[in-house]
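Here's a quick look at how the parts of this protein sit against each other. Have the model open while you read.

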Amino acid sequence: MRQDYVGPLPEPVGFLLIPRFSMMAFFAAVEPLRIANRLAGRELYRWTLISEDGQPVTASNDMTLLVDCGLVDAPSLPTLAVCAGFEPERGLPRRLSQWLHRQASEGCLLGGIDTGPLLLAEIGLLDGHHLTLHWESLPAFRERFPTLDAVESLFEIDARRFTCAGGAAAMDMTLSMIAGRHGQGLADDISEQLIHARLRPRQDHQRLPLAKRLGTHRRPLVDAVALMERHLEQPLSMTAVSERIGLSMRQLQRLFLDELGRRPRDYYLELRLDRARHLLEETDRDILSIGLACGFGSASSFSRAYRQQYGIPPSASRRPDGLPAPDANHGQ
């Protein structure tokens, strides 16, 4: 998968499976390699599945995969992808971190799929590299690693690192890497086999266009929501929103009620609380700082709004599986 690979075929590729990894993203990355071998009539790629201890790994969908080896007996690999998914905040065990640093020092092209980039960033292996990861994790990632260049693209590939947003984006990334190594024609043929109508370039956006997400093409509504999404930490007044999009307050109210079934103020609050929920689930920031980052003036006002929206206090959302945080009193 690396364009500068000069070794014998089949080219070795490793997949390090982290518990609760995304099965969808993993299969989207590995299936193009399988089809490349079939269409080429020979083994271009051979992949190795690795876990920390060599034991089977359970994905986020509760399916379990056998692996080929553990860290101790893993072969030398020119390319290695770290596949993660839910609960990346649990981090990596020390020996796994050391092993990844050793792979990097030996020249391995190292990458992360879905939330894998978060784990690589935690151990300092993405410093100085462009990167991307799943759009839901990007806000928390930028808060946690403000010096890293994280963008909302489908995938990023540079000289020694590759990262991908997960899901179907893993397929686009793998196809791009195959094209760089074996030609665009083979990548196009693989895409056709996968009923993948278009090879998306890396700079394509991960999310649907805002108009499609909202289910409307009414430009004033799209502009109003875009303004709200850009101003979550320091919310705009409804008067400021209406003035910027050229509507009266009455017209703005009617537009949101007709198209989204709620008042603009309520919709804006939902956006801010949704951002807060992601920060609670994916970072260890204290509750007050999360509330401030989402436009609330105090911990009490944030907690009150959060409980009204979700029926639980912010502290109950510290983990995506609903379990309490490792330090249950953190931020309280």
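## How far apart the domains sit

Measuring from C-alpha atoms in this predicted model, the centres of domain 1 and domain 2 come out 34 Å apart. On the chain, domain 1 covers 11–194, and domain 2 picks up at 210 and runs to 316.

As for who does the touching, domain 1 puts 7 residues into the contact, while domain 2 puts in 8.

## What gets buried

Put the two domains together and about 710 Å² is buried between them. Carbon and sulfur atoms account for 53% of that area.

Which residues of domain 1 lose the most area to domain 2? They're Glu136, Ala140 and Glu143, and together they make up 54% of what the domain 1 side buries.

## Charges and polar contacts

If you're hunting for salt bridges across the interface of domain 1 and domain 2, there's 1 to find. Arg285 forms a salt bridge with Glu143, with 2.4 Å between the closest N and O atoms. Glu143 is also one of the residues that lose the most area on the domain 1 side.

The polar contact count between the two domains is 1 residue pair, with both residues at pLDDT 80 or more. Sorted by class, the domain 1 side that touches domain 2 has 4 charged residues, 2 nonpolar and 1 polar.

## A cavity

How many cavities of 30 Å³ or more turn up in the whole structure? The search gives 1, and the largest cavity holds about 40 Å³ of space.

Its lining is made up of Leu118, Leu133, Ser137, Ala140, Phe141, Arg144 and Glu282. You've met Ala140 already: it's among the residues of domain 1 that lose the most area to domain 2. Going by the domain bounds, Glu282 falls within domain 2 (210–316), and Leu118 falls within domain 1 (11–194).

Technical notes. Residues numbered from 1 in each chain as written. Predicted model: local features only at pLDDT ≥ 70, side-chain atom pairs only at ≥ 80, totals over all residues. Heavy atoms only, no water. Domains from an automatic or database assignment. Contact = heavy atoms within 4.5 Å. Buried area = accessible area lost by both parts, 1.4 Å probe. Salt bridge = Lys/Arg side-chain N within 4 Å of Asp/Glu carboxyl O. Polar contact = N/O pair within 3.5 Å; in protein donor to acceptor, adjacent residues only side chain to side chain. Nonpolar A, V, L, I, M, F, W, Y, C, P; charged D, E, K, R; others polar. 1 Å grid on protein atoms, 1.4 Å probe; cavity = no way out; pocket = protein on both sides within 12 Å on 5 of 7 lines; lining within 4 Å. Points joined across faces, edges and corners; volume = space filled by probe spheres on them.
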